[in-house]
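Good morning, and thank you for making time for this presentation. Please look at the sequence and the structure first, and then I shall go through the features in turn.

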Amino acid sequence: MRGLLSHRVLSSVLGLFGLVATFVLATAPPARAGESVFIEVTPNSVQAGSRVSLRAGCDNSNNRQAQVTSDAFGRVTLRPDNGFLTGSVTVPGNKAPGDYPVNLDCSNGNTASTMLTVLNMAQPSKGPATGGGGAAGGRGTGSLLLVGGLVAVAVVAGVSARRRTGNRV
């Protein structure tokens, strides 16, 4: 009897979920194919002075130009390209690091936005000459091997010469 009761409860719960799912699907507005408004920045984090690519969608207006603006790089016109709107721009080398909004303005009045992060990472030109590493100070591993080999040859030659003079005495 207990198994029959839990089976009935489970059936009732699943039936209720089915009714809710049917209601949600029946009342949801239909999606229209090809409609989306977006802006992508690739890469979305860059060093100041780097170039970024822009790719956007303006619903059914991807055959017309759109404008993208940002304090990171100014204004750029995107042009139709294989069903999308594309363009590229260079972030000025003196741009302060931070997060900058990138705003898309479509010709049909739609808008979208995303963020671009500008980094300011100093690039070291050369590490410090700390010594002990073999390569510090401009000497490579090849130089050290050559010097070590010459020292080994000199030691072997000195030991051989000493043995020869030692046997004659």
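I begin with a definition: two residues are in contact when heavy atoms of theirs lie within 4.5 Å. The model before you is predicted, so local features need pLDDT of at least 70 and side-chain atom pairs count only at pLDDT 80 or more, while totals for chains, interfaces and linings use all residues. Residues are numbered from 1 along each chain as its sequence is written, and side-chain values use heavy atoms, with hydrogens and water left out.

Let me take confidence next. pLDDT is the predictor's confidence in each residue, from 0 to 100. The protein chain has a mean pLDDT of 75, with 51% of its residues at 70 or more. Helices (H or I, at least four residues) and strands (E, at least two) are DSSP runs, numbered from the N terminus. Among these elements, helix H1, residues 2-27, has the lowest mean pLDDT, 47, and S4 has the highest, 97. Over residues 13-34 pLDDT stays under 50, and for that stretch the model has 3 contacts beyond four places in sequence. Where pLDDT is low, the predicted coordinates should not be read in detail.

I turn now to the sheet. Two strands pair if DSSP finds at least two bridges between them. In this model 8 strands form an open sheet with mixed pairing, in the order S1-S3-S6-S5-S4-S7-S8-S2. S1 and strand S2 (45-47) stand at the edges with a single partner strand each, so one side of each is left without a neighbour in the sheet. On average, neighbouring strands of this sheet are turned by 25° against each other, direction ignored; the axes behind such angles are lines fitted to C-alpha atoms, for helices over the stretch in contact, and angles run from 0 to 180 degrees between N-to-C directions.

At one edge, S1 pairs with S3 in the antiparallel sense over 6 bridges, and threonine 42 stands opposite serine 53 in S3. Threonine 42 is also joined to proline 43 by a cis peptide bond, with omega about -10°. Proline 43 has its place in the loop between S1 and S2.

S4 has antiparallel partners in S5, through 5 bridges, and in S7, through 4 bridges. With S5 it forms a hairpin that has 3 residues between the strands. Glutamine 67 has threonine 77 as its bridge partner in S5, and valine 68 stands opposite leucine 104 in S7. How do the side chains along S4 alternate, and which are buried? Buried means under 20% relative accessible area, exposed over 50%, and partly exposed in between, with a 1.4 Å probe and protein chains only. Ala66, Val68 and Ser70 point to one face and are buried, whereas Gln67 and Thr69 point to the other and are not.

In the loop between S4 and S5 we find aspartate 71, which is exposed because its relative accessible area is 61%. Beyond its neighbours within four places in sequence, aspartate 71 is in contact with Lys95, Tyr100 and Pro101. Its C-alpha atom is separated by 9.2 Å from that of lysine 95, 24 residues apart along the chain.

The interior comes next. A nonpolar core is a set of buried Ala, Val, Leu, Ile, Met, Phe, Trp, Tyr and Cys residues joined through side-chain atoms within 4.5 Å. The largest one has 24 residues, and Ile39, Leu54, Val68, Phe73, Leu78, Leu104 and Leu116 have the most contacts inside it. The largest share, 4 residues, comes from S3. Apart from its neighbours within four places in sequence, leucine 54 is in contact with residues including Val68, Phe73, Leu78 and Leu85.

Two loop residues deserve mention for their backbone. Aspartate 59, in the loop between S3 and S4, has a positive phi of about 55° although it is not a glycine; at 17% relative accessibility, aspartate 59 counts as buried. Asparagine 82, in the loop between S5 and S6, has a positive phi near 55° as well, but at 74% relative accessibility asparagine 82 counts as exposed.

I close with the aromatic rings. Rings of Phe, Tyr and Trp (its six-membered ring) pair if their centres lie within 6.5 Å; planes under 30 degrees apart count as stacked, over 60 as edge-to-face and the rest as tilted. The count by this rule is 1 aromatic pair. Phenylalanine 38 and phenylalanine 84 have ring centres 6.2 Å apart and planes at 70°, so the pair is edge-to-face.
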